[in-house]
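Student: Could you take me through one part of this model closely, starting with its open space and then going on to the packing of its interior?

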Amino acid sequence: MPLLPPSVDYTDKDFDALRERLIALLQSVFPEWSDFSVAGFGNILLEMYAFVGDVITYYLDAQARESRLATATQRKNVIALARMLGFRLQGARAAKATVQFSLQAPPSANVALQAGTVVRTQEVTEPVRFQLLAPLVIAAGTSPPVASAVVEHSETHTQLFDSRGLAGLDLLLDRTPYLDGSATIAASNGAYAEVDSLLGSGPNDRQFLVLVDQNDRAMIRFGNGVNGAPPSGTISVTYKTGGGAVGNVDAGRLVVVEGSFADAHGRPVRLMVTNAAPAEGGSDRQSIASAKLLAPESLRALTRTVSREDFEINARRVPGVSRALMLTSNEDTTIQENCGVLFVIPKGGGLPTPALKNLVLKQVTEVYPCTLTFQVSVQDPVYRTVDVEARVFLRQGASPGDTRDRIRKRLAEMFRIELSDGTPNPDIDFGFNVRDAEGNPAGEIAWSDVFNVIRDTEGVRKLGDGPFDLKLNGLPSDVKLGLKEFPVLRMVTLFDGDTGVIL
């Protein structure tokens, strides 16, 4: 007789499994009960209990799943769990652009534009709107009648609230999506400043906390008189909404100024606008997958940037950054002592904008400061292009065009910088991060990995067995990567193995 009972799969808790286990239990207790037909009253009760058990166990499993950062799927739960680690999910960032306003002729009187003037793209249905951040004046007699200003992909709102003399007051803002750091608050007892936590606030500190929910709606929280001073009288909250990668419009797209304008004497003028350079800095809100990756890393670099890995972690905290690699003289002898080079890859690949590189530099030198004597340089990534040439034999009935497209799509997925959920693609990395069995850098793109991707594509019967039937960058071998090189797919050339023609 075994000492331990047989293993039971307690994860099998759906309706059918519970019904079968209830039937087995009933048969062991009431062996005379043998009628389990659908129409039987006893079977109706049995299936009712199985249904209730199915629902209850579903909710129990969901609660267990959503209580852990690694397995949570709901954004509100990820926000709450990350907050326990002191990590806050980043909201959308608003793009900015420099635009040029112009008149047909030099004005005879000043032409003033108020802050908040809307400049947009010319689409009729869903134009991308920007607002003027500061007042602008085209002075009388200016020739040519041109002036430049900065616009932002956002919209400003103001709401008024009554404090009612309450401590620990919470105010829910109406408009979404809220732009982080945009709230300006004034009450009858003075202006308030935003802080990350009220725990360090004194009873007389006029400070507030912003909590953003899963719908990008912000709630303003004030102190209780012990940690932070409660507001009094009427509270005025000015904040911005908008942002997102959609604001990164190309040059020459901001061509419409909303509204009518006149000079200081009331004479109407025709105002024109354009943006000579593309808008930059817009990014979507931080994804759940990104938060799961960065929240635990935030405990490694709490307030400063010290180790090589700290630079990479803090760089990836910047919205719009997908990958980062930090190299010093310890890894690359061409780098001077007490200096480091931080290579940054933006979301979607390509080269980072100067604005993004400045944000990363500020992040690792000011927001999370590094050693004063350590010199940091943020540079563009070094891409290593990979060309694929293959001789492919198709299965009977397979469409050459469809098979070609599927192969190219699968190769593009293999070389993509990040997965669809926003996390880095583990199959592709800088050469320094690809290690051999001993842990030494051995950056490479394996010839066999590319072979497997093509061979396993639907419609492919086999690849040619000749030594040059699959070539990477012209050779039937692995592509070696330098320490700072990151691989990107460039050209894919496929030949039909039976006819020899290009697919």
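**Pocket, core and one helix**

Tutor: In this predicted model, the largest pocket has a volume of about 1,500 Å³. Its lining is made up of 44 residues, and those that lie nearest the centre of the pocket are Gly-86, Phe-87, Arg-88, Gln-90 and Asp-196. Two or more lining residues are given by each of helix 3 (75–84), strand 11 (207–212), strand 12 (218–222) and helix 6 (354–367).

Turning to the interior, the largest nonpolar core holds 34 residues, and within it Val-388, Val-392, Leu-411, Val-450 and Ile-454 touch the most other members. Among the elements that each supply at least two residues of this core are strand 21 (382–394), helix 7 (400–415), helix 8 (447–455) and strand 26 (485–496), with strand 21 giving the largest share, five residues. Setting aside neighbours within four places in sequence, Val-450 is in contact with Val-388, Leu-411, Met-414, Ile-445, Leu-470 and Leu-472.

Leu-411 and Met-414 also appear among the buried residues of helix 7, together with Thr-403, Ile-407 and Phe-415. Seen down the helix axis, these buried residues fall within an arc of 105°, so they line one face of helix 7. What covers them includes strand 21, strand 22 (444–445), helix 8, strand 23 and strand 26. As for the length of helix 7, its 16 residues should span 22 Å at 1.5 Å a residue, and the end C-alpha atoms are 23 Å apart, which agrees.

Conventions. Residues numbered from 1 in each chain as written. Predicted model: local features only at pLDDT ≥ 70, side-chain atom pairs only at ≥ 80, totals over all residues. Heavy atoms only, no water. Core = buried A, V, L, I, M, F, W, Y, C linked by side-chain atoms within 4.5 Å. Buried < 20%, exposed > 50% of the residue type's maximum accessible area, 1.4 Å probe, protein only. Helix = DSSP H or I, 4+ residues; strand = E, 2+ residues; numbered from the N terminus. Contact = heavy atoms within 4.5 Å. Expected span 1.5 Å × (residues − 1). Arc of directions from axis to C-beta. 1 Å grid on protein atoms, 1.4 Å probe; cavity = no way out; pocket = protein on both sides within 12 Å on 5 of 7 lines; lining within 4 Å. Points joined across faces, edges and corners; volume = space filled by probe spheres on them.
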